[in-house]
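Me: I am new to this structure and would like a close look at one part of it, the sheet, together with what surrounds it. Please take me through it step by step.

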Amino acid sequence: GGYEISMISACKQHLNIIKKFIESYNIPVHMTSFDRNGTTIWNIGIYKKKDIYKFIGYLYDSAHYFLNRKYDKAQNIRNNIQRSLKFGEPAEGIPS
């Protein structure tokens with residue numbers, strides 16, 4: 001199955017701050033908007049497996065505090081991505 005990491009908000013400025021922060025780690029983030037009952041809702045997302053893998057690593061590899069259920073889910077996704085990717089050479093940040 002496909003994976004994605006996304007966040008939505010009615011505040012474009014807040015998502016732009018998060019988007020720029022994530023992009024500072026060379027992870028591309030896509031921004032879209034849609035209308036919900038006359039309000040513009042903004043969405044940022046990470047969609048490529050290798051980028052999701054890197055993002056999860058940045059979130060948890062040095063973390064001391066986190067919700068165990070979220071950590072377990074993220075590690076399961078990361079392990080599934082690692083198994084599913086087949087590279088001639090390892091992608092940046094993904095061990096072979």
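Reply: The accessible surface of the protein comes to about 6900 Å², and carbon and sulfur atoms account for 51% of it. The model is a predicted one. Of the 96 residues in the protein, 29% are buried. Among contacts with a separation of 6 or more, 54% join residues 24 or more positions apart.

The protein has three helices and three strands. Along the sequence they follow the pattern β-α-β-β-α-α.

Now to the sheet itself. Strands of a sheet pair through backbone hydrogen bonds, in either a parallel or an antiparallel way. Here the three strands form an open sheet in the order E1-E3-E2, and the pairing is antiparallel. Strand E1 (5-9) and strand E2 are the edge strands, each pairing on one side only. From one strand to the next, the twist averages 25 degrees.

Helix H1 (residues 12-23) packs on this sheet and touches E1, E2 and E3. The direction of H1 makes about 10 degrees with that of E3. Strand E3 is mostly covered, with six of its eight residues buried.

The two pairings can be taken one at a time. E1 and E3 run antiparallel and are joined by five bridges. In this pairing, Ile 5 stands opposite Ile 46 of E3.

On the other side, strand E2 (residues 30-36) pairs with strand E3 (residues 39-46), again in the antiparallel sense, over seven bridges. Several facing residues can be picked out along E3. Thr 32 stands opposite Asn 43, Phe 34 has Ile 41 as its bridge partner, and Asp 35 faces Thr 40.

E2 and E3 form a hairpin with two residues between the strands. Asn 37 lies in the loop between E2 and E3. The phi of Asn 37 is near 55 degrees, a positive value in a residue other than glycine. Most residues other than glycine have a negative phi. Asn 37 has a relative accessible area of 77%, and because the cut-off for exposed is over 50%, Asn 37 counts as exposed.

A second asparagine can be described along the same lines. Asn 26 is found in the loop between H1 and E2, and its phi is near 60 degrees, a positive value in a residue other than glycine. The relative accessibility of Asn 26 is 59%, so Asn 26 counts as exposed.

Back on the helix that covers the sheet, one residue is worth a look. Is Lys 19 buried or exposed? Lys 19 is found in helix H1. Its relative accessibility is 17%, and the cut-off for buried is under 20%, so Lys 19 counts as buried. What is Lys 19 in contact with, leaving aside its neighbours within four places in sequence? Its contacts there are Val 29, Met 31 and Ile 44. Of the strands already described, E2 spans residues 30-36 and E3 spans residues 39-46, which places Met 31 in E2 and Ile 44 in E3.

The remaining two helices pack against each other. Helix H2 (residues 49-60) and helix H3 (residues 68-84) meet at an angle of about 145 degrees, and their axes are 10 Å apart. The crossing of H2 past H3 is left-handed. On the H2 side, the residues that meet H3 are Lys 49, Ile 52, Tyr 53, Ile 56, Gly 57 and Tyr 60. On the H3 side, the residues are Lys 70, Tyr 71, Ala 74, Gln 75, Ile 77, Arg 78, Ile 81, Gln 82 and Ser 84. By class, this contact has eight nonpolar, four polar and three charged residues.

To bring the part you asked about together: the sheet is open, with the order E1-E3-E2, and helix H1 packs on it. Strand E3 pairs with E1 over five bridges and with E2 over seven. Six of the eight residues of E3 are buried, whereas Asn 37, in the loop that links E2 to E3, is exposed.

Note on methods
Residues numbered from 1 in each chain as written. Predicted model: local features only at pLDDT ≥ 70, side-chain atom pairs only at ≥ 80, totals over all residues. Heavy atoms only, no water. Pairing = 2+ DSSP bridges. Helix = DSSP H or I, 4+ residues; strand = E, 2+ residues; numbered from the N terminus. Axes fitted to C-alpha atoms, helices over the stretch in contact; angles between N-to-C directions. Contact = heavy atoms within 4.5 Å. Buried < 20%, exposed > 50% of the residue type's maximum accessible area, 1.4 Å probe, protein only. Areas by Shrake-Rupley, 256 points an atom, 1.4 Å probe, with all protein chains shown as cover. Left-handed = near helix turned anticlockwise from the far one by under 90°. Nonpolar A, V, L, I, M, F, W, Y, C, P; charged D, E, K, R; others polar.
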